[in-house]
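This report looks at selected side-chain pairings, at one helix and its surroundings, and at a single histidine. Please read it alongside the sequence and the structure shown here.

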Amino acid sequence: MYDAGTASEFGTASVTMQRVRGIGRVRFAVSGDETRLADLFQSGSAKIRLPKTYSEPATAVLINTAGGLTGGDHLDYEVTIDENAHAIVTSQTAERAYRSLGTSAKVTAKLSVADGATLEWLPQETILFDQSNVSRTIQADLTGNGRLMILESLMLGRAAMGEKIESVAFKDTWRIRRDGKLVFADDVRFSGNPREFLSGSATGGANLAVATLADCRLDAEDHLTTARSTLDGLPASSVHCAASAWNGLLTARFVARDSRDLRSVLMAFLKSYRTADLPRVWHC
């Protein structure tokens with residue numbers, strides 16, 4: 001957007017950069033014996049599509065029509081799953097964060113899962129390009145025995161494209177509560193050259209592709225053996241992973257040098273652990 005309102009007598013003018021604003025809200029509820037859309041709102045660059053599903057749970061696909069994020073952009077999502085409903089929320093493709101002129105792009109997700117309901121939050125990866133700046137917040141509220149499975153994966157550049165990241169800023173905050181009680185808090189924050197702050201054995205081991213999965217359900221510890229055996233059975237690759245479980249929460253962490261290897265392992269793990277295929281957009 002060009003603003004000529006401050007043009008001087010010499011013909012100079014200021015330019016106001018256009019920024020992304022997007023809000024997407026979706027709610028699913030049980031109608032009859034099926035989970036169906038109960039509410040949908042979308043504005044700006046945040047779009048939500050509802051592909052037809054047959055043997056799969058109801059699925060919502062998030063789309064950022066701006067094609068990516070940069071400093072000053074804002075995307076806000078809200079997902080509500082009513083009692084006994086089951087839905088998957090994913091994204092059409094990888095989210096890309098481009099160079100920022102200083103301010104951060106902000107992405108927020110508010111997730112609400114009622115008693116007896118299940119939400120699978122399975123977006124595709126976020127790719128951080130050189131000099132990008134992103135701040136992401138995920139807040140989830142679970143009621144009763146509601147279940148939330150949440151996955152987020154992050155790629156710092158694309159090695160196959162010869163991309164090198166010299167500077168990047170990223171802040172990620174997760175807060176998950178059950179019946180108002182905090183059950184999981186996870187914070188990641190880094191700024192600078194990732195080849196430096198991820199070089200240590202305790203900070204990524206020079207791997208520039210990472211992912212975290214959290215499976216919040218009351219019997220999570222009963223599924224740890226399944227998760228670990230699934231990880232052990234994955235094809236050998238550059239991906240390192242581990243799982244743990246406690247107090248109604250199972251987590252798995254993944255790190256890899258190559259983003260393609262990480263994606264392949266995540267897809268294989270999710271398909272086996274969930275005993276179900278991923279949404280079709282993951283295969284495009």
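How many salt bridges does a search of the whole structure find? The search finds 11 salt bridges, and it was run on a model that is predicted.

## Salt bridges between strands

One salt bridge is formed by the side chains of Asp172 and Arg136, with an N to O distance of 2.9 Å. This pair links distant parts of the chain, since Asp172 belongs to strand β13 (residues 168-178) and Arg136 to strand β11 (residues 133-142), with their positions 36 residues apart in sequence. Asp172 and Arg136 are both buried.

Strand β13 also carries Arg175, whose side chain meets that of Asp187 in a salt bridge of 2.8 Å, N to O. Because Arg175 lies in strand β13 and Asp187 in strand β14 (residues 181-192), the pair ties together parts that are 12 residues apart in sequence. Arg175 is partly exposed, with a relative accessible area of 24%, and Asp187 is likewise partly exposed, at 46%. Salt bridges that share partners join Arg136, Glu152 and Asp172 into one network.

## A salt bridge between partly exposed residues

The side chains of Arg36 and Glu34 meet in a salt bridge as well, here at 3.3 Å from N to O. Arg36 has a relative accessibility of 41% and therefore counts as partly exposed, while Glu34, with a relative accessible area of 44%, is also partly exposed.

## Helix α2 and what covers it

Which residues of helix α2 (residues 224-232) are buried? They are Leu224, Ala227, Thr230 and Leu231. Seen down the axis of α2, these buried residues fall within an arc of 130 degrees, so they line one face of the helix. In general, an α-helix has 3.6 residues a turn, so residues three or four places apart point the same way. On the other side of α2, Thr225 and Asp232 are exposed.

The cover over the buried residues of α2 includes the strands β16 (240-246) and β17 (249-256), together with helix α3.

## The packing of α2 and α3

Two packed helices are described by the angle between their axes and the distance between the axes. For α2 and α3, the axes come within 10 Å and cross at roughly 145 degrees, and α2 passes α3 in a right-handed crossing. The residues that meet are Thr226, Ala227, Thr230 and Leu231 in α2, and Phe269, Ser272 and Tyr273 in α3. Ala227, Thr230 and Leu231, which take part in this meeting of the helices, are also among the buried residues of α2.

## His283, after helix α3

His283 lies in the segment after α3 (259-274). Is His283 buried or partly exposed? With a relative accessibility of 47%, His283 counts as partly exposed, because the partly exposed class runs from 20% to 50%.

Leaving aside neighbours within four places in sequence, His283 is in contact with Met267, Asp277 and Leu278. Of these partners, Met267 is 16 residues away from His283 in sequence, and the C-alpha atoms of His283 and Met267 are 9.3 Å apart in space. With Asp277, the contact includes a polar one, in which the side chain of His283 and the side chain of Asp277 approach to 3.2 Å.

Key
Residues numbered from 1 in each chain as written. Predicted model: local features only at pLDDT ≥ 70, side-chain atom pairs only at ≥ 80, totals over all residues. Heavy atoms only, no water. Helix = DSSP H or I, 4+ residues; strand = E, 2+ residues; numbered from the N terminus. Buried < 20%, exposed > 50% of the residue type's maximum accessible area, 1.4 Å probe, protein only. Contact = heavy atoms within 4.5 Å. Polar contact = N/O pair within 3.5 Å; in protein donor to acceptor, adjacent residues only side chain to side chain. Salt bridge = Lys/Arg side-chain N within 4 Å of Asp/Glu carboxyl O. Arc of directions from axis to C-beta. Axes fitted to C-alpha atoms, helices over the stretch in contact; angles between N-to-C directions. Left-handed = near helix turned anticlockwise from the far one by under 90°.
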